[in-house]
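Please examine the sequence and the structure shown below. The paragraphs that follow lead through selected parts of the fold.

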Amino acid sequence: MDIRVPEVSDGVTKGTVIAVAVAAGDQVEADQTLLEMETDKAVVAIPAPSACTITEVRVAEGDEVAIGQVIMTAAAAGQEAKASTPGGETAPAKTPEPAPEELPAEPESPDEPESPAETAAPAAAAAPQADAVDLRTNRTGELVAPAAPSVRRLARDLGVDIYQVQGTGPAGRISEDDVRGFVREAMQRITGGGPRPAATGEFPGLHAQRPLPDFTRWGPVHTEPLPSIRRITADAMGYAWSTIPMVTQQDQADITDLEAFRKDSNRTAAPEAKLTMTAILLKVCAAALQAFPRFNSSLDLAHQELIFKDHVHIGVAVDTPNGLLVPVVRDADRKGIELLAGELNELAGRARQRKLTPAEMEGGTFTISNLGGIGGTSFNPIVYAPQVAILGVSRARNQPVWDGESFGPRLVMPLTLTYDHRVIDGADGARFLRWICAALEQPLNLVMKG
Amino acid sequence: MAAAGIPEKTQLAIIGAGPGGYHAAFHAADLGLQVTLIDPAENPGGVCLYRGCIPSKALLHVAGVVGEAAESAAIGVKFAPPEIDIARVRTWKNEVIDKLTGALGMQAGRKKITHIRGTATLSGPHTLQVVTNEGEAGALAFEQAILATGSRPVMLPGTEPTARIMNSTGALDLEDVPASLLVVGGGYIGLELGSAYAALGSEVSVVEMTGGLLPGCDRDLVSVLKRRLDRKFKAIMLNTKVEAMTEKKDGVTVTFADKKGSRTESFAKVLIAIGRRPHTRDLGLETAGIEVDGKGFVQVDAQRRTSAGHIYAIGDIAGEPMLAHKAYREAAVAAESAAAGKAVYDPRAIPAVVFTDPEIAWCGLTETEARAAGRKVTTAKLPWRGNGRTLTLGRDDGLTKLITDPETGVLLGVALVGPGAGELIAEGVLALEMAATVEDLRHTIHPHPTLSETVFDAAWALPPR
């Protein structure tokens, strides 16, 4: 039986093998980890679909593998496996199903743009001609992709690596339509989706890179490959920056009383239940998003619609040794601050260990980026498309504040709100941020208004 | 027709006008490149047309006619033993060659290809040193080049072709029909030429160093051929080495060695057919930085570019299999690449045909390869004796074999032995290139009554999936 890469998350089509845990000849239990694969932002473990003996390992560390690709072959435990054997009573060799519970494949629209590397940019650098073909995947004999010569030629002309195209014909045969579909899908991913990318007005080559100078002319250099986190962040930020007209609104909240309460509360709390300012902000933002639903929407230019989300999932930017990750706290509007704090601590902890699943980073409707722990007086965050707003939090400082009679020391926290000006007007932006500040200054407001 | 003199420069220089060279020249000219083709022969054709495929097939046709006439007694048509006018056979063979090469020459002219009769060696990355047949020498600057210099027959160490010890070129000259002929080498060249000489009247013996004829070919196919060759040839000596050859006035004395010991036998003539070697020496490859492997093949990438990116190598010098139709495909790829196209050489199948009687033809994965790789395949083997067309041809020998993937039913290889197998294999090649499944073959209507029905029946003989 063939063991294939299961669906790990909606929209994820490939990954890089970072560790192979078994060798040919190994007997494995059902759900035992066979290998680990780095996909968009997460490392996922590929489990054995059933108890079996591995007969061949077809991938090595560093290999790029596609969803559905055969990574190993195996014989079912105690018998010569034949995948198509009709069900007997003894455990029949199953075709691998993506069943591990830690990898729910949620049918949500992915809010994370895919890696642009998936469009298989030809390695033009080494080739002598401008119009050269990528020869790295060239094969002969039966290893050639199951496609007619005319289809293979079409793929080459379009710059498609035919070995990445999933054929829909009998025995996986690749048709002309499959190649065209692959291109269409890749283009939609680059242009941010939508059935008619042209209607979004995005111009082609948005992510094209101009030729770089030869830096070695000025001194020695060295390179390192972009890890997938960096590629995805670069793509998402580049897309947002170049397509969204953004405005950043600044305000500040007097959190003297709130901070006193927080410190007091933490004095008796267990370490894992520590109340953080971010957890409080989660609750405040969730209430604000309900009060201002436009901030919880997405713009669909292709259909000329605004999509309001009747759920509040808030992403929290987490600084990890491997780069920026944004786990999403689900249904923040329906949870109390204690629960939110616990969940956030747990998610952040796993994010630092790279144990988040792709699904746990999908579906956010708003994002909070808190750099207060590091310092700074203010920064302008970038909206995480297709969301329309993001809150930036900087370090709170004691400042003299005029209370109408005298100056007194107050703890003041700078907040910045960046929003998509196509969806949100300046006055609404100011009102939304003021609402948040007011709630922080007088938490009763949450109950009164929220 | 011939352009007098050596031009100063050309966009694309092609050295060698065999199937690879002339096809590349025509294709590149069609794509708008200005082409100079260099070869010593009067017209394009190369080994294939002058000293290989075509003359050997002409002689094999003669062999076929003789053989069929002899076997016709069994179906009630009796002919007197044939009188063979060897001079006329030779002339006819040469007429075939002239007709084909002449047509190619005309085509080169029509496509405005500069055709230099002469030889060329590289003298730098962008220059060729050209010497015409008339002795005129000069330098030719080129932007890109395609090397298609082909291959030459290998002789036994220490031997040179003589009147009595021939290579394939000498055998095809058909100087006479020797009373006895020893063919050294049980590969396709030896068996084809041995068959032709046997039909013309020679007593033919074959000596092969390994344990079987046609090394690399599946044994079940070879055994069908061998049954017939055993009747046509005087002897087929396997696991036997030629230890010594002494040329005498009236023949050649050959010493054989096998596990039983040594013995000596005399033959009127000997044909050495132990293989071919790529013609890459003395081409000045090093002046352009072109790398050659240990066997003398030029190293090429998927577009047939050599280590000098603007110089291509195709055909026999670019690696096995040394077959004209492989060179054709490479020629198209190289010509298109030279014209900034995106072609790559990525065949799913390259057919191989042995034009003996019966013919053997195969493409794709062989059973031998599958076994060596420890790969599971499902095969169907259909003997031809149940096929109507085979019997109406007065034959009963033949076998069609399909090699398929047990999981997907995708066809991995097709192999045939039987009269006309070389024509039938084209269907297999197309099926493999299209990644056809057994199901596809089953639902393709094959004409009745033909030999091609054996492919159809073999598809139905496979277990249903």
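In chain B, five strands make up an open sheet with antiparallel pairing, in the order β17-β18-β21-β20-β19. Helices (H or I, at least four residues) and strands (E, at least two) are DSSP runs, numbered from the N terminus, and two strands pair if DSSP finds at least two bridges between them. The edges of the sheet are β17 (352-354) and β19 (378-383) of chain B, each of which pairs on one side only. Strands of a sheet pair through backbone hydrogen bonds, either parallel or antiparallel.

This is a predicted model, in which local features need pLDDT of at least 70 and side-chain atom pairs count only at pLDDT 80 or more, while totals for chains, interfaces and linings use all residues. Residues are numbered from 1 along each chain as its sequence is written, chains are lettered from A and ligands numbered from 1 in the order in which they are written, and side-chain values use heavy atoms, with hydrogens and water left out.

Within the sheet, β18 (residues 359-364) and β21 (residues 411-418) of chain B run antiparallel and are joined by six bridges. Trp362(B) stands opposite Ala415(B), which belongs to β21(B). Helix α7 (residues 219-232) of chain B lies across β18, β19, β20 (399-404) and β21 of chain B, at about 10 degrees to β21(B). Axes here are lines fitted to C-alpha atoms, for helices over the stretch in contact (heavy atoms within 4.5 Å), and angles run from 0 to 180 degrees between N-to-C directions.

Chain A offers a helix to study, α6(A). Its buried residues are Leu340(A), Ala341(A), Leu344(A), Leu347(A), Ala348(A) and Ala351(A); buried means under 20% relative accessible area, exposed over 50%, and partly exposed in between (1.4 Å probe, protein chains only). Seen down the axis of α6(A), these residues fall within an arc of 140 degrees, so they line one face of the helix; the arc is that of the directions from the helix axis to the C-beta atoms. They pack against α5, β12, β13 (318-320), β14 (323-325) and β15 (328-329) of chain A.

The largest nonpolar core has 55 residues, and those with the most contacts inside it include Phe366(A) and Phe432(A). Such a core is a set of buried Ala, Val, Leu, Ile, Met, Phe, Trp, Tyr and Cys residues joined through side-chain atoms within 4.5 Å. The largest share of this core, 11 residues, comes from α5(A). Leaving aside residues up to four places away in sequence, Phe432(A) touches several residues, among them Ala288(A), Phe366(A) and Leu417(A).
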